[in-house]
Amino acid sequence: MENPEEKGHHSDTAELDGGGKNSTAHFSLPETKTAAAADDSVVEITLDVREDSVAVQSVKTVAAAAAAGEEQDSELNILPAKGMEKKSSSSGSSFARNASSTIRQVSLGMKRLASVTRRRQPSRRLDRTESAATHALNGLKFINKTGGGGGGGGAAAAWAGVDQRFKKITSTTNGLLPRSHFGECIGMTEESKEFAGELFDTLARRRHIAGDSITNVQLKEFWDEINDQSFDSRLQTFFDMVDKDADGRITEDEVREIITLSACANKLTNIQNQADEYARLIMEELDPNNIGYIMIENLETLLLQGPGKSSLASASTRNLSKMLSEKLKVTKEHPLKMWCRDNFHYFLIDNWKRVWVMGLWIGVMGALFGYKYVEYKRKDDVFEVMGHCVCMAKGAAETLKLNMALILLPVCRNTITWLRNKTRLGVAVPFDDNLNFHKVIAIAIAIGVGIHGISHLSCDFPRLLNASPEKYEPLEPYFGENQPTSYGQFVKGWEGVTGILMVILMAISFTLASPWFRRNRVKLPKPLNKITGFNAFWYSHHLFIIVYTLLIIHGIKLYLTHQWYKKTTWMYLAVPVALYGGERLFKAFRSRVKAVKILKVAVFPGNVLSLHMSKPHGFEYKSGQYIFVNCAAVSPFEWHPFSITSAPSDGYVSVHIRTLGDWTKQLKTTFTKVCQPSPTGKSGIRSVDYLEGEDNHNCPKVLIDGPYGAPTQDYKDYDVVLLVGLGIGATPMISVVKDIVNNMKALDEAGENENAALEGGTHKRKKTGSNSPSDKQDFKTRRAYFYWVTREQGSFDWFKGVMNEVAEMDHKGVIEMHNYCTSVYEEGDARSALIAMLQSINHAKNGVDVVSGTRVKSHFAKPNWREVYKSIAVNHPNARVGVFYCGAPPPVRELRQLASDFSHKTTTKFEFHKENF
């Protein structure tokens with residue numbers, strides 16, 4: 001493309017008004033350019049002409065004006081697509097080249113004219129470049145999800161919803177919408193009720209509306225103004241909300257009031273309590289001359305300071321588009337073949353460990369079932385009377401023996417931890433899915449019990465009761481000389497009693513282990529509420545001791561088997577029961593030998609208890625592992641798992657416990673009694689510190705057992721890690737973050753020592769233990785991304801010290817930390833606009849985030865996980881990225897699917913892991 005600056009073959013004339021704001025210009029462009037442009041559609045170019053600058057606001061064809069400016073990157077549409085195609089854009093590129101040339105010439109001409117007519121007085125208003133104006137507009141949205149707020153079906157549908165709510169609300173108010181219901185009517189939440197009231201007052205004040213009610217026509221006017229896409233209109237509306245007395249000036253008191261209002265709408269109690277301090281901070285920034293007020297131009301200055309990341313974003317987009325284009329191939333394959341390739345093939349790649357384990361398990365069950373089925377079918381005397389029913393019952397019984405043995409293995413945690421740490425079986429065995437496999441086996445047991453019981457009770461026993469004396473005679477050695485005449489004779493025997501009791505106990509255990517009961521989702525009246533919660537699950541699961549005893553008896557007292565070597569139930573159970581029993585004994589012994597002392601106790605907002613305990617002698621663990629905690633003052637028998645939040649090189653062991661159930665609530669209550677209010681006076685924080693040799697008899701005694709293996713402990717196997725924690729799920733990630741910093745620091749020190757030793761002519765190798773930072777061979781991680789998503793602002797107090805420490809120690813930028821507070825409205829919402837301004841000012845001036853109170857800057861609402869994956873894929877091509885998640889179940893599906901999508905369609909391979917307790 002030719003450069004118009006070099007050619008210079010154009011002439012221009014212009015007419016400018018005195019103010020330099022409303023400007024018109026006429027240009028005579030070169031004939032070649034005009035001719036080229038004539039072939040295209042008519043182009044509408046919007047310029048912003050100032051006294052000292054000219055900026056291009058937008059360029060679009062008149063015919064396509066309504067459809068211009070699609071926001072989403074093209075690759076975001078490509079990634080989730082089932083089948084991908086190439087799209088031609090030759091006509092678009094031709095138009096873009098001609099339009100770009102035209103823009104350059106017009107812009108150069110206008111800049112020259114602006115320089116001639118420049119005023120001497122400086123302007124406080126920033127240049128409205130396209131990126132800054134876009135950022136500012138995105139920062140003043142009063143309503144979410146309005147379909148764009150402009151023309152089109154989306155806005156019409158949004159207004160239709162508002163109109164429908166208006167009619168419903170005003171059905172009893174004579175068609176007038178009260179101020180108190182304005183927020184509800186326009187779609188704001190209850191938390192934004194006060195903010196909506198201020199917005200109502202602002203819009204009513206402009207129209208000189210007296211009273212606290214409006215009509216439907218006035219509501220439509222309010223709605224149109226709220227959704228006005230003009231930056232000046234939105235800015236003025238926001239300014240007027242702050243300027244209560246409508247004098248065109250904002251005082252410190254008005255700033256304080258809007259800070260309190262915004263903090264209340266976003267559930268930011270800490271900011272609400274420090275409104276005076278933050279109001280002074282904003283006045284210092286926007287009123288440097290100390291005149292006592294700020295003008296609308298000051299707010300515009302702050303809003304137009306958009307993030308300077310457009311070049312980086314465009315570079316990322318280009319890189320990812322290039323990566324994706326390598327994956328795009330025009331194909332004419334059969335749809336079924338494409339489905340097999342894109343779905344089944346990828347499924348096998350992602351789940352091959354699970355597939356072979358499940359395949360082996362199902363195959364063994366099928367073989368045992370078939371073996372017993374054929375065995376009893378060949379017993380002519382039995383088969384003639386009881387038929388296929390007895391074959392089905394005995395086949396199901398054989399699978400039950402296998403599954404009753406296997407179900408104990410996934411909960412042998414010490415054995416699994418040893419296999420994970422000391423062997424390479426983890427390469428082929430999915431140890432992370434141990435609890436999922438435990439649940440799957442439980443389902444198989446339930447199915448087996450159903451087949452076994454139904455086959456006996458409804459099929460072969462009735463056939464036996466109704467058999468003729470001649471047919472019954474061969475069965476006398478099994479059932480006695482007297483033929484049974486009722487079900488009671490079967491129930492009274494050992495086989496019937498043990499079978500019925502096992503079914504009842506299993507039903508109780510399975511029911512109380514379901515998520516509805518275990519997580520208190522079922523609300524029952526007193527005293528039935530005692531059968532819900534973790535306690536009920538924990539105690540009912542110990543009924544397995546009785547169940548296994550009954551199972552062995554049931555397996556010995558068989559009707560149709562008398563030879564001892566054919567009574568194989570005890571053979572199936574011997575090794576698993578011995579292994580599990582040995583683990584329980586080892587756990588009880590180890591927990592009492594490895595006694596711990598409480599060093600520090602802290603109770604944080606959000607019902608979180610932090611325990612810092614002394615590290616027992618020989619206690620070695622890895623970041624990401626967990627321990628079981630027991631407190632006899634709460635319950636001498638209950639043990640509960642919690643992730644370790646300290647790093648292996650720390651001189652203590654710490655856990656953070658959130659009160660979600662009966663046991664954790666009692667634990668918090670017990671330790672709160674020995675805690676004192678925080679010396680800083682911060683609300684909700686209580687703590688107590690004990691010295692190593694100090695007498696702390698008042699502190700409850702705590703036992704720990706572990707450590708146990710968990711998926712996150714394998715983070716060192718990856719070059720890059722993505723750590724995601726939701727709420728209290730950040731606990732294992734905090735330990736990993738600390739460990740990464742310690743390892744990087746140790747590697748730097750080792751390198752310095754090695755260089756110094758080589759210079760001195762000596763070389764000593766430093767020995768490292770399990771609790772010391774790993775050496776270079778064990779530690780592969782060179783980059784970590786930590787995303788912590790929490791609902792409450794007070795949650796950031798849990799790990800404030802750790803995050804500040806990491807921010808200070810991580811000089812090389814190895815760890816990129818992101819805090820997300822979901823109670824704050826998304827970035828771009830007017831309800832969080834002032835919080836965002838305050839955040840930027842305070843972080844730039846003091847280096848502290850106003851939301852989290854740490855040196856890590858917080859984000860609002862939920863993360864865009866697709867953008868997170870995209871950024872990592874762009875910055876780390878050809879890398880293995882370990883994605884580790886701990887928290888509530890909802891995001892799991894999206895995170896796992898994105899890991900699969902980006903692994904298959906980029907050169908970066910993401911491997912997803914989820915914590916299971």
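**Exercise 1. Salt bridges**

How many salt bridges does the count give in this predicted model, and which parts of the chain does the pair of Asp432 and Arg420 tie together?

Solution.
Step 1. The count comes to 20 salt bridges.
Step 2. Asp432 forms one with Arg420, and the closest N and O atoms of this pair are 3.0 Å apart. The cut-off for a salt bridge is a side-chain nitrogen of Lys or Arg within 4 Å of a carboxyl oxygen of Asp or Glu, so the pair qualifies.
Step 3. Arg420 belongs to helix H18 (413–422), while Asp432 sits in the loop between helix H18 and helix H19 (434–465). The pair therefore ties together parts that are 12 residues apart in sequence.
Step 4. Asp432 and Arg420 are both buried.

**Exercise 2. Two strand-to-strand pairs**

Locate the salt bridges Arg783 to Glu816 and Arg880 to Glu911. In which strands do the partners lie?

Solution.
Step 1. Between the side chains of Arg783 and Glu816 the N to O distance is 2.9 Å.
Step 2. Arg783 lies in strand E16 (residues 783–790) and Glu816 in strand E17 (residues 815–821), so this salt bridge ties together parts that are 33 residues apart in sequence.
Step 3. Glu816 has a relative accessibility of 27% and therefore counts as partly exposed.
Step 4. For Arg880 and Glu911, the closest N and O atoms are 3.2 Å apart. Distant parts of the chain are linked here: Arg880 is in strand E19 (residues 880–886) and Glu911 in strand E20 (residues 909–914), 31 residues apart.
Step 5. Arg880, at 34% relative accessibility, is partly exposed. Glu911 is partly exposed too, with a relative accessible area of 28%.

**Exercise 3. A network**

Which residues are linked in a network of salt bridges?

Solution.
The network links Arg206, Arg207, Glu221, Glu225 and Asp240.

**Exercise 4. A nonpolar surface patch**

Which residues make the nonpolar surface patch, and which element gives the largest share?

Solution.
Step 1. The patch covers about 640 Å² and is made by Leu457, Tyr487, Val491, Val497, Ile500, Leu501, Ile504 and Ile508.
Step 2. Two elements give two or more residues to it: helix H22 (487–492) and helix H23 (494–513).
Step 3. H23 provides the largest share, five residues.
Step 4. Tyr487 is in helix H22. With 36% relative accessibility, Tyr487 counts as partly exposed.

**Exercise 5. The second largest cavity**

What is the volume of the second largest cavity, and what classes of residue line it?

Solution.
Step 1. There are three cavities of 30 Å³ or more.
Step 2. The second largest has a volume of about 70 Å³.
Step 3. Its lining has 12 residues, and Val255, Ile282, Ile294, Leu299 and Leu834 lie nearest the centre.
Step 4. Helix H11 (252–265), helix H13 (275–286), helix H14 (296–303) and helix H31 (833–846) are the elements that give two or more residues to this lining. H31 gives the most, with three residues.
Step 5. By class, the lining of this cavity has 12 nonpolar residues, no polar and no charged ones.

**Exercise 6. Val603**

Is Val603 buried or exposed, and how far is its C-alpha from that of Trp798?

Solution.
Step 1. Val603 is placed in strand E7 (residues 598–604).
Step 2. Its relative accessible area is 4%. Buried means under 20%, so Val603 is buried.
Step 3. Val603 and Trp798 are 195 residues apart in sequence, but in space their C-alpha atoms are 9.0 Å apart.

Definitions and conventions: Residues are numbered from 1 along each chain as its sequence is written. This is a predicted model: local features need pLDDT of at least 70, side-chain atom pairs count only at pLDDT 80 or more; totals for chains, interfaces and linings use all residues. Side-chain values use heavy atoms; hydrogens and water are left out. Helices (H or I, at least four residues) and strands (E, at least two) are DSSP runs, numbered from the N terminus. Buried means under 20% relative accessible area, exposed over 50%, partly exposed in between (1.4 Å probe, protein chains only). Patches are made of residues with over 30% relative accessible area and no salt bridge: like charges are joined within 9 Å, nonpolar side chains (Val, Leu, Ile, Met, Phe, Trp, Tyr) within 5 Å. Accessible areas come from the Shrake-Rupley method with a 1.4 Å probe; for residues, only the protein chains shown count as cover. On a 1 Å grid over the protein atoms alone, a cavity is a set of points where a 1.4 Å probe fits but cannot get out, and a pocket is an open set with protein on both sides within 12 Å along at least five of seven lines; lining residues have an atom within 4 Å of a point. Grid points are joined across faces, edges and corners, and a volume is the space filled by probe spheres set on the points. Ala, Val, Leu, Ile, Met, Phe, Trp, Tyr, Cys and Pro count as nonpolar, Asp, Glu, Lys and Arg as charged, and the others, Gly among them, as polar.
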